[in-house]
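Got the model open in your viewer? Let's walk through it stop by stop, picking out what to select and what you'll find there.

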Amino acid sequence: MEGQDYRNVPVFSATRPIKGTPWHLVAKIDREEVMAPLRRLIYWVGSLTFIAMIVIAIALWLLWQQVLRAQRLELTARNEAALRASSEALQASEARYKRAVDGANDGVWEWNVRTGETYFSPRWKKLLGYQDHELPNVHSSFVDCVHPEDLPRVVQARRKHFQDRLSYKIEVRLRCKDGAYRWFYARGQAVWDGQDQPSHMAGSLTDITDRKQVEAELRLAKEQAEAANQAKTAFLATMSHEIRTPMNGVLGMADLVLRTPLTVRQRHYIETIHRSGRTLLRIINDILDLSKIQAGRMVVDIIQFDLSEVVQDVHGLLADPAKAKGLALHFVVAEGVPVYLLGDPYRLNQILFNLVGNAVKFTTEGTVRVMVEEVEQRAADVLLRFQITDTGIGIAPEFQSRLFQEFSQEDPSFARKFGGTGLGLAITQRLVSLMGGQLGVESVPGQGSTFWFTLRFGKQREGDRQKMAAWRANRHPTTPDDVQFQGRVLLVEDNLINQEVAVATLELFGCQVTVASNGHQALEAIQQAAQPFALIFMDCEMPVMNGFVTTRQVRQWETETGNPHVPIVALTAHVLQQNRQQCSAAGMNDYLQKPFSQADLGAVLQCWLAPVGGDTMAGVSVASADPRQEGAPVLSPPSAPAPPEALSSTPVLDQIAVDRILALTRKGSVGLLDKMVGHYLARTPDLLAELEQAVAQADPERVRVAAHALKSSSLTMGVARLAELGRAMETEYAQLALVRRYLQQTGPVLAEAGQALRALCAEWQAGG
């Protein structure tokens with residue numbers, strides 16, 4: 001046990017009894033003596049253990065370092081391998097990019113928007129003819145090369161790209177090393193930073209000079225083709241018109257001869273001439289229509305018409321040819337089909353005439369039947385189907401696909417047997433298409449054919465129908481012998497000869513005529529008149545103030561004062577469609593072309609004046625509703641007037657115009673012929689002198705005005721050659737050298753015309 005001895009020293013003690021005695025043996029030992037060896041043992045064991053732990057720790061640390069070193073070496077090796085691979089890939093990529101950039105046709109560029117630092121690839125520089133070292137990589141290198149006219153567009157394109165982020169694509173001319181400009185296509189894309197501001201921009205450059213040259217050549221070829229097509233169209237239109245004039249004379253004279261006593265043989269000859277002439281006129285009209293369609297000048301009118309009248313008109317034209325062949329010709333308008341329509345009756349008439357005429361032509365026996373049916377009717381319009389069925393020769397299936405091509409006939413022998421040019425169906429197809437319809441055919445060879453087409457027309461209101469009925473009842477008489485009109489008429493015309501003819505013709509119709517020689521006089525007469533004029537005939541080309549300006553001022557005065565609008569009819573020698581449009585735009589209501597016949601003037605008067613004992617049909621324009629206009633030529637500008645030497649074939653005097661003057665003289669205008677001849681022969685030298693002075697002073701506008709006056713008065717007098725020279729000078733008024741060439745021909749032509757006119761006067765005075 002543990003305790004203390006007498007010295008108070010800690011001791012360990014042990015007691016053992018002595019056997020056989022009451023005594024105990026007590027043994028004591030100092031605790032320090034007992035514990036000292038143990039402490040020394042513990043110390044050394046602890047020290048050795050600590051030392052061993054340190055040694056183990058050091059060994060473990062050294063081992064860990066070896067492991068880490070091995071891992072670092074392995075990682076380093078891996079990184080070095082990856083770096084080498086990445087570097088090699090980058091080098092390969094750069095090599096490929098360099099090869100692509102150097103081998104491509106495009107040049108590459110990059111621009112630091114902030115610093116201006118720029119990179120141009122060697123190919124970019126080579127496109128401009130520079131070596132890589134010859135053009136510095138600065139932004140100004142590009143700016144300096146841009147064509148001055150294109151630089152604003154480049155700046156604007158970049159600004160739009162930066163502001164609106166629109167694509168940067170522009171065609172620009174750049175100056176090359178040799179000083180020449182070439183066309184390039186530049187495109188690029190900007191890169192925006194965190195503040196949404198452009199920092200860099202990169203793109204490419206492509207040489208498009210060859211493409212631009214091809215485009216220019218194609219554009220030139222297109223313009224040349226269009227010019228050639230316009231020239232062809234102008235030639236066809238002009239020649240068709242020029243041929244129509246003598247053909248009308250041929251047919252008119254044939255009609256007159258047929259009314260005289262003739263032998264059977266003579267009548268047969270004249271009837272053959274008349275029939276051939278009408279056939280030729282139909283071909284001429286087809287060519288004229290085709291040329292207008294090809295030129296895009298065919299206009300579809302929207303006017304009031306009666307479908308039954310169109311059908312009756314076509315039937316009337318073809319009834320005799322059908323009867324002569326023993327054919328039954330039937331026209332049927334189905335019950336309930338609206339007949340009071342809005343559309344173009346003249347084009348509808350032309351379509352029907354072509355299709356029904358072909359049916360009659362190619363049918364030798366049997367029936368031709370025309371059926372008009374309603375397909376669809378709405379509140380404002382109606383869709384109609386027209387079907388023409390015949391029992392004729394039929395059409396082979398393989399030919400039906402090209403049936404509507406120009407100058408196309410199934411068999412060339414048909415032209416000899418049946419006649420025709422193969423234009424009718426081509427024109428018909430285009431007219432139907434122009435009017436928004438469809439055209440088709442069904443046929444079996446030897447069993448006949450069925451042609452059909454659909455067209456949509458507007459429907460008239462009740463008031464429109466009443467007006468149409470009244471107009472139909474009064475439109476037929478057009479000569480002074482048939483009808484007289486009541487009303488005061490203002491004639492605005494500066495040409496004395498045209499004044500004489502117009503006044504005499506108007507007075508024959510019973511009109512009271514006031515004459516004004518220019519626009520100012522016309523305005524004064526209109527504003528000072530005690531009662532408004534019933535009708536105004538307005539010449540378009542006048543000195544002081546022309547007809548267009550005068551009409552606009554009249555309309556303005558009427559609006560400001562509240563006076564009723566007086567109908568104004570354009571009176572002009574112009575025949576172009578744009579002239580008609582110009583008249584309408586100025587405020588004119590109708591159009592009468594000079595020189596005009598009594599029938600022409602009568603047709604206009606019955607549209608705007610009340611006949612004696614009847615009601616006026618004012619408001620139904622002859623320009624849009626007069627049957628005279630069917631087939632009337634609307635000429636395109638001639639590509640070049642006929643040369644002066646070609647005028648030798650033109651007659652000195654146009655007998656049709658002369659007959660008009662003589663007819664007026666016979667009807668009571670005593671001395672009209674002498675007066676007109678005197679005015680013409682006195683005034684024409686002044687016009688020629690005016691032309692010479694205008695040419696000498698290089699004043700094209702004076703040339704045009706004087707040439708127009710010469711043409712107008714010569715047309716009225718029937719002096720055909722001088723009228724043609726006037727027309728040529730008016731057309732080419734800006735080509736003063738050409739005008740001078742025409743002007744040199746006028747002297748002999750005027751002398752010849754003067755002799756013919758004086759001879760005409762002498763013959764008339766002798767009772768001719």
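Start with the lining of the second largest cavity, which by class has eight nonpolar, two polar and one charged residues. Keep in mind as you click around that this is a predicted model. To see that lining, select W109, W111, T118, F120, W124, H139, F142, R158, Y168, A186 and L205. Now colour by secondary structure: β4 (107-112), β5 (118-120) and α3 (139-145) are the elements that give two or more residues to this lining. The space they help enclose has a volume of about 90 Å³, and the structure holds two cavities of 30 Å³ or more.

Next, jump along the chain to a pocket. Select D494, P543, R683, L687 and A709, the residues nearest the centre of the second largest pocket, out of 19 that line it. About 310 Å³ of space lies in there. Which class of residue would you expect on the walls: nonpolar, polar or charged? The lining has eight charged residues, along with seven nonpolar and four polar.

Show the helices around that pocket. α13, α20 (672-696) and α21 each supply at least two lining residues, and α21 gives the most, with six. That makes a good reason to stay with α21 for the next two stops.

First, put up α13 (residues 496-508) together with α21 (residues 700-717). Their axes come within 9 Å and cross at roughly 40°, which makes α13 oblique to α21. The crossing is left-handed. Zoom in on the contact by selecting I497, N498 and V501 in α13, then S712, S713, T716 and M717 in α21. You're looking at three nonpolar, four polar and no charged residues.

Now hide α13 and bring in α22 (residues 720-731). How do α21 and α22 run relative to each other, roughly parallel or roughly antiparallel? Their axes cross at roughly 155° and come within 8 Å; anything over 145 degrees counts as roughly antiparallel, so that is how α21 and α22 lie. This crossing is left-handed.

For the contact itself, select V703, R704, A707, H708, L710, K711, S714 and L715 in α21. Across from them, in α22, pick L722, A723, G726, R727, M729 and E730. Colour by class and you'll find seven nonpolar, three polar and four charged residues in the contact of α21 with α22. Flip back to the α13 side of α21 and there are no charged residues in that contact.

How values were computed
Residues are numbered from 1 along each chain as its sequence is written. This is a predicted model: local features need pLDDT of at least 70, side-chain atom pairs count only at pLDDT 80 or more; totals for chains, interfaces and linings use all residues. Side-chain values use heavy atoms; hydrogens and water are left out. Axes are lines fitted to C-alpha atoms, for helices over the stretch in contact, and angles run from 0 to 180 degrees between N-to-C directions. Helices (H or I, at least four residues) and strands (E, at least two) are DSSP runs, numbered from the N terminus. Angles under 35 degrees count as roughly parallel, over 145 as roughly antiparallel, 65 to 115 as roughly perpendicular and the rest as oblique. A crossing is left-handed if the near helix is turned anticlockwise from the far one by less than a right angle, and right-handed if clockwise. Contact means heavy atoms within 4.5 Å. Ala, Val, Leu, Ile, Met, Phe, Trp, Tyr, Cys and Pro count as nonpolar, Asp, Glu, Lys and Arg as charged, and the others, Gly among them, as polar. On a 1 Å grid over the protein atoms alone, a cavity is a set of points where a 1.4 Å probe fits but cannot get out, and a pocket is an open set with protein on both sides within 12 Å along at least five of seven lines; lining residues have an atom within 4 Å of a point. Grid points are joined across faces, edges and corners, and a volume is the space filled by probe spheres set on the points.
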